[in-house]
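Colleague: I'd like to get to know this fold by asking you a few questions. Could you show it to me first?

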Amino acid sequence: MKTLRPALFLDRDGVINEEVHYLWKPEDCRLVPGIIPLLQTAQALGYVTVVITNQAGIGRGMYSEADFHVLMDHIQAELAPHNVRLDAIYFSPFHPEHGVGEYKIDTDCRKPAPGMILRAAEEHGLDISRSVLVGDRCTDIGAGTAAGIPHLFLFGNTEAAPCEGSYRKIDSLAEVESTLRTLSA
Ligand SMILES: [Mg+2]
């Protein structure tokens with residue numbers, strides 16, 4: 001039997017890149033301070049790095065799936081000189097009320113539902129019980145909780161009020177690095 005690997009699940013907007021309302025243009029993309037060292041540490045310790053991102057801007061018709069992929073390629077190109085990459089990328093383009101056409105559906109892949117995480121675990125042989133998630137919204141924490149990820153971090157000040165569930169609030173991504181080191185020791 002193949003050994004399952006631990007994953008570092010990352011929300012995109014507000015964790016990998018600075019939160020910009022419905023970001024899709026590469027020129028508006030700024031990496032969050034600390035994300036490169038976090039990815040370097042995660043990669044060195046054997047974590048699979050997985051992006052899980054709601055992209056309702058696609059469903060709302062604000063930008064296309066192709067635009068999304070162009071931006072992700074741009075982010076990968078920014079990371080490449082630092083010898084890190086995002087191993088897998090999952091996105092949910094749907095919205096139950098504001099989606100247009102085929103995008104107007106309620107789906108278990110839209111956070112706070114855990115569909116993207118569970119699919120990633122299945123497709124990449126991930127050990128959820130040794131995995132870590134970083135998000136900046138309560139919907140990220142909700143998805144991690146529903147998936148059974150034991151180590152959840154709420155980064156930054158995007159959320160004004162506390163979220164439900166058990167998580168650690170952090171102001172620096174370096175705190176996630178410490179946890180990864182401790183878990184791998
Ligand atoms: Mg976010």
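Modeller: Below, we go through the sheet, the metal site, the pocket and some backbone oddities. Keep in mind that this is a predicted model, where local features need pLDDT of at least 70 and side-chain atom pairs count only at pLDDT 80 or more, while totals for chains, interfaces and linings use all residues. Residues are numbered from 1 along each chain as its sequence is written, and side-chain values use heavy atoms, with hydrogens and water left out.

Colleague: Which strands stand at the edges of the sheet?

Modeller: Helices (H or I, at least four residues) and strands (E, at least two) are DSSP runs, numbered from the N terminus, and two strands pair if DSSP finds at least two bridges between them. Here six strands form an open sheet with parallel pairing, in the order S3-S2-S1-S4-S5-S6. Two of them have a single partner strand each, so one side of each is left without a neighbour: these edge strands are S3 (88-92) and S6 (168-170).

Colleague: What is the bridge partner of Val50 in S3?

Modeller: S2 and S3 run in the parallel sense and share five bridges. Within S3, the residue bridged to Val50 is Ala88.

Colleague: Which residues coordinate the magnesium ion?

Modeller: Donors are N, O and S atoms within 2.8 Å of the metal (3.2 Å for Na, K and Ca), and water is not among the atoms, so sites may look incomplete. Along the chain, the donors of the magnesium ion follow the spacing D-x1-D-x122-D. At 2.0 to 2.2 Å, the ion is held by an OD atom of one residue, the O of the next and an OD of the last: Asp11, Asp13 and Asp136.

Colleague: How many residues apart are Asp13 and Asp136?

Modeller: Asp13 sits in the loop between S1 (7-10) and H1 (35-44), and Asp136 in the loop between S4 (132-135) and H5, so the pair links distant parts of the chain, 123 residues apart.

Colleague: What is the relative accessible area of Asp136?

Modeller: We call a residue buried under 20% relative accessible area, exposed over 50% and partly exposed in between (1.4 Å probe, protein chains only). Asp13 counts as buried at 13%. Asp136 is buried too, and its value is 1%.

Colleague: How much space lies in the largest pocket?

Modeller: On a 1 Å grid over the protein atoms alone, a pocket is an open set of points where a 1.4 Å probe fits, with protein on both sides within 12 Å along at least five of seven lines; lining residues have an atom within 4 Å of a point. Grid points are joined across faces, edges and corners, and the volume is the space filled by probe spheres set on them. The lining has 21 residues, with Asp13 and Tyr22 among those nearest the centre. The volume comes to about 440 Å³.

Colleague: What is the phi of Tyr22?

Modeller: Most residues other than glycine have a negative phi. Tyr22, in the loop between S1 and H1, is partly exposed at 24%. Although Tyr22 is not a glycine, its phi is positive, at about 50 degrees.

Colleague: Which residues does the cis peptide bond join?

Modeller: Most peptide bonds are trans. This one has an omega of about 20 degrees, and its proline is found in the loop between S3 and H4 (115-124). The cis bond joins Lys111 and Pro112.
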